[in-house]
Amino acid sequence: MSLTSSQKPTQPLPSFPKALTGIIGLDEITGGGLPKDRPTLICGGTGCGKTLFSIEFIVHGAVMYDEPGVFMSFEEKAEELVLNVASLGYDLNQLQQDKLIRLDHVRIERSEIEETGEYDLDGLFIRLGHAIDSIGAKRVVLDTIENLFSGLLDQGILRAELRRLFEWLKVKKVTTIITGERGGGTLTRHGLEEYISDCVILLDHRVTNQISTRLLRIVKYRGSVHGTNEYPFLIDRSGISVLPVTSLTLTHDVTSERISSGIPSLDKMLEGKGFFRGSSILVSGTAGTGKTSIAASFAHEACNRKERCIYFAFEESPQQIIRNMRSIGFDLQQHIDAGLLKFHASRPTLNGLEMHLVSIHKLIEDFDPHLVVLDPITNLITVGTVSEVKSMLIRLIDFLQSRQITVMFTALSLNTIVSEQTDEGVSSLVDAWLLVRDIESNGERNRGMYVMKSRGMKHSNQVREFVITDGGLHLVDVFLSPEGVLTGSAREAQQLQEVTGKALRDYALNRKDREIERKRLVLESKIASLKEEFESVQDELNKAYVEEELRKDVLEKNREQLIKNRHNEQ
Amino acid sequence: METKEEIWELRLYVAGKTAKSVTALANLKRYCEEHLKGKYVIEVIDLLVQPQLAEGDQILAIPTLVKKVPEPIRKIIGDLSNEEKVLVGLNIRPAKK
């Protein structure tokens, strides 16, 4: 059996038809939008964005996907709707004139209506059918059809008619959104989910620690895979954006391109080339160890390379950072003016973690940076638990790495134990981890820095002294002495001592040289005087010898003379 | 009687010749003949023919009887089988004492 089935001609299976919503993120979670030509139920409490969600579905359909839509409102009047979405930049009146959208306000006034005997909702069907046919609509929103329950008394008829309505909409081949108010214990107050079995999306608005987060969850999506988590979403000037926050795979591209950290001596510790592009870097350390300075230096260097950078500051205002960094020689203002650097400062308590993540996403989508700095992530802990912060950072890192954006986090560690993990437990997530720590000795405090880890490269294992000067950041080799590692003035003293020692040695060497020279001179002069002495002795000896000769000659002559004289006398 | 010069303008919305519509129209005619002889106008609107009219009077249910004049506007939905309710709704008879 299995053999024959595997040999079947491979027919491409008909894929489940879907209608794109155009809502950022939602189409990714649902794998292409809502089920086409079927009703979808969107339920949630008051003010959780149901109407906005559905109006976006209609407007996007009309504007982006060439699918006109009917918006049948049981709550808001057409004029109110027009005003409400004008703030999002959509002109519903114009769209209505262009026959792309049709708004229909259904008003039910209980006090005007008397019920007697049998009836059905054909009026609604005809009305909706007329609206659909008049513009050739492919999308329909019924917002909120449950209002019928308060307007009409006969629940039996109503339920039967609603069931018929949803079937009829399927036959009409329109993609429908039906909104429903959330009831206690059930998804909707009147159990609409019983009738709509294709797709149910739940919107929620949750407040934890006085911080609100909007969440979206797909409760059910028949015939399709979908993300099952609660996804935070954001409503802002551009409407709804949903964040597919958990990426399911770890399949992002990597590059072996390296980028400088802005601190040449730090680059030298990382094979002389710096960090990998697209990696995540954690700088952790105790208070006042220069984490922000390192981050600013990294950003400064990126901007110098003409790369865009976003700096998320959770602790200081941009002006404060700019001023402070100017004091160590980084002019960040010029990069802001050049449009390369963007600061985004907000208190972590401004909104929930997920909202932070969503707003970070949005900013990154808009600005498309090469580098992102988050300074510091520790403060996020004030709005969430450790595991929440960690899961947020995982998702952020995933997102950034999929876009090849380098990210630097700074984290404050509360104690000085070296092996201590950072509070957020992100150290296992990051690719590189720099640790800046205090080294306290001899009545002073100095900064030491080392590379805890750096994936994929041979990094230095040395502790360097980290010095902040007017001209920027430097790493200095620490001095090893019998007493241990020396930093700060102890290092300087040691350096001085070494200089002195060298001078002394040089001096001693010079003196010996001169001594030898002198000795040589003395000996040489001695040799000269001995030579002189020898010459004078030789002279003396020679003189005696010559005199002897002369005397001998003279005596000879004299004797000959005498002989001659004697002969002459004869 | 102050109602002497008033004319009841009644509109009955139907969708085709369904049993409910036919019953409703028959009932309505009967009540009017009985209580409003000579003082009423009935306009039957078939939404299958004129669907665009449904929006104006906020018609959802079929059949719906709309009383425009005299004020206040009232709507009576259903096949009008309950005479008492219809007459109250049309302001012909005051609500039960």
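Analyst: Two residues are in contact if their C-beta atoms, placed from the backbone, lie within 7 Å. The model discussed here is predicted.

User: How many residues does each of chain A and chain B bring to the contact?

Analyst: Chain B supplies 29 residues and chain A supplies 21 residues. On the side of chain B that touches chain A, α2 (53-56), β4 (74-77) and α3 (83-89) each contribute at least two residues. β4(B) gives the most, with four residues.

User: What makes residues on the side of chain B that touches chain A nonpolar, polar or charged, and how do they divide?

Analyst: The class follows from residue type: Asp, Glu, Lys and Arg count as charged, whereas Gly is among the polar ones. By that rule, the side of chain B that touches chain A holds 16 nonpolar, seven polar and six charged residues.

User: What makes β6 of chain A and β4(B) a pair of strands, and in which sense do they run?

Analyst: Pairing requires at least two bridges found by DSSP. Strand β6 (residues 113-115) of chain A is joined to β4(B) by three bridges, so the two strands pair, and they run parallel. Within this pairing, I113(A) lies opposite K75(B) of β4(B).

User: Which strand of chain B also pairs with β4(B), and how do you know?

Analyst: Strand β3 (residues 64-69) of chain B runs antiparallel to β4(B), with four bridges between them. The threshold is at least two, and therefore β3(B) and β4(B) pair as well. The partner of K67(B) in β4(B) is R74(B).

User: Why are certain strands of the five-strand sheet called edge strands, and which are they?

Analyst: The sheet is open and mixed in its pairing, with the order β6(A)-β4(B)-β3(B)-β1(B)-β2(B). The edge strands are β6 of chain A and β2 (40-46) of chain B, each of which pairs on one side only. From one strand to the next, the twist averages 20°.

User: What makes β22 of chain A a partner of β21 of chain A?

Analyst: Strand β21 (residues 444-454) and strand β22 (residues 464-469) of chain A share two bridges in the antiparallel sense. As at least two are needed, the requirement is met, and therefore they count as paired. G448(A) has E465(A) of β22(A) as its bridge partner.

User: How many bridges link β22(A) to strand β23 of chain A, and in which sense do these strands pair?

Analyst: Six bridges link β22(A) to strand β23 (residues 472-477) of chain A, and the pairing is antiparallel. F466(A) faces L475(A) in β23(A) across this pairing. The connection from β22(A) to β23(A) is a hairpin of two residues.

Note on methods:
Residues numbered from 1 in each chain as written. Chains lettered and ligands numbered in written order. Predicted model: local features only at pLDDT ≥ 70, side-chain atom pairs only at ≥ 80, totals over all residues. Axes fitted to C-alpha atoms, helices over the stretch in contact; angles between N-to-C directions.
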